Amino acid sequence: MATQTPYEVLGVKPDASAEDIRKAYRKLAKEFHPDLNPGKPAAEARFKAVTAANDILSDPEKRARYDRGEIDGSGAEKPRYSYRPHAEGAQGWKYRPQGEMDAGDLDDLFAMFGRSGARAGRAGEGFKMPGPDRQFTLTVDFPLAATGGKQRLALSPGEWLDVTIPPGIDEGQVLRLKGKGGAGFGGGPPGDALIEMHIAPHPFFRREGDDIHVELPVSLAEAVLGARVPVPTVTGPVTMTIPPGSDSGSRLRLRGKGIHRKRRGSETIGDQYVTLKVMIGASGDAELAEFVKGWAEKHPTDPRDAMGAGVDPGAADKAAAS
């Protein structure tokens, strides 16, 4: 089965606008998010594929580089030259870039270091050079970025690496993995892998510093009477008490349920803030409407009074009519 392009993963055309890509991603992310599909590995795999595709196409620079063939669908750099066997080169050099450096070029290079006259068979003797660094991008789920863990990264076709994600990693932070870059020359040490981290948007979690925010729908009865309800957190659901008479927009705090991370030997722990959103959920219920009508007549109140006492509710209509 052929590998899908990022455009095919999101179900958009190659000339899709940024808004089309954003809409397609949000729709698929909500449909396949693991939190909404517990115990479904196929949905989790699809979510990761959708997130990786969005990481490429939502970034204008990465999208342009992908369209030009400079990076692949995972964001990894594509080789800018091909390799072929090189039987005549120095010992240990099995391949060399076409059109790049040959034995004669090595003579010139080593002559700069006092080894002029060395021929192809001895040109690399005693000369060591560190390998190049390799750059990658890796997109992780919001909970994994918050709590830390491992995620697999494709370094090249058939080459994988389990990357350890530290708790509380920031968007755009770069991880350096020693010795996971390109091979060194003449026995020199390998380079490093530089991994730029990206955090996938979450359907309901939002981060501000070390705190996490979530909007929680509650029923009319739960808001009026109070209740104990489950609340999602990055480490799993917890039970929270809603005080009786809570208004929509009321904010409650879950202490210590935010981002945990260590900075220079000290640990910081954030909180999770829960904003209530009262959902009536009884559209067309005649009994509820009759009850509220009678209750409102006995308990008149103006929730907008603080916005300006004495405002004529019909003033806007009168102004529009004039």
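Are Arg261 and Asp210 buried or exposed? Select the two residues: both Arg261 and Asp210 are buried (buried means under 20% relative accessible area, exposed over 50%, and partly exposed in between, with a 1.4 Å probe and protein chains only). Their side chains meet in a salt bridge, with 3.0 Å from N to O; a salt bridge here is a side-chain nitrogen of Lys or Arg within 4 Å of a carboxyl oxygen of Asp or Glu. Arg261 belongs to strand β13 (residues 260–263) and Asp210 to the loop between β8 and β9, so the pair ties together parts that are 51 residues apart in sequence.

The model is predicted: local features need pLDDT of at least 70, side-chain atom pairs count only at pLDDT 80 or more, and totals for chains, interfaces and linings use all residues. Residues are numbered from 1 along each chain as its sequence is written, and side-chain values use heavy atoms, with hydrogens and water left out.

**The whole chain**

Display the protein as a cartoon to see nine helices and 15 strands, which are DSSP runs numbered from the N terminus (helices H or I, at least four residues; strands E, at least two). Of the 322 residues, 32% are buried.

**The four-stranded sheet**

Next, select the open sheet with strand order β8-β9-β15-β12 and mixed pairing; two strands pair if DSSP finds at least two bridges between them. β8 (205–208) and β12 (251–254) stand at the edges with a single partner strand each, so one side of each has no neighbour in the sheet. β8 pairs with β9 (residues 211–219) in the antiparallel sense over four bridges. Within this pairing, Arg207 has Ile212 in β9 as its bridge partner.

**From Arg207 to Asp170**

Keep Arg207 selected and add Asp170: the two form a salt bridge, their closest N and O atoms being 3.0 Å apart. Asp170 lies in the loop between β5 (159–165) and β6 (174–177) and Arg207 in strand β8, so this contact ties together parts that are 37 residues apart in sequence. Arg207 is partly exposed, at 22% relative accessible area, and Asp170 is partly exposed at 31%.

**Further salt bridges**

Select Arg65 and Glu70, which also form a salt bridge, with 2.9 Å between the closest N and O atoms. Then select Asp133, Arg176, Lys178 and Asp192, which are linked in a network of salt bridges. The count for the protein comes to 17 salt bridges.

**Ile280**

Finish at Ile280, in the loop between β15 (272–279) and α8 (286–298). At 57% relative accessibility, Ile280 counts as exposed.
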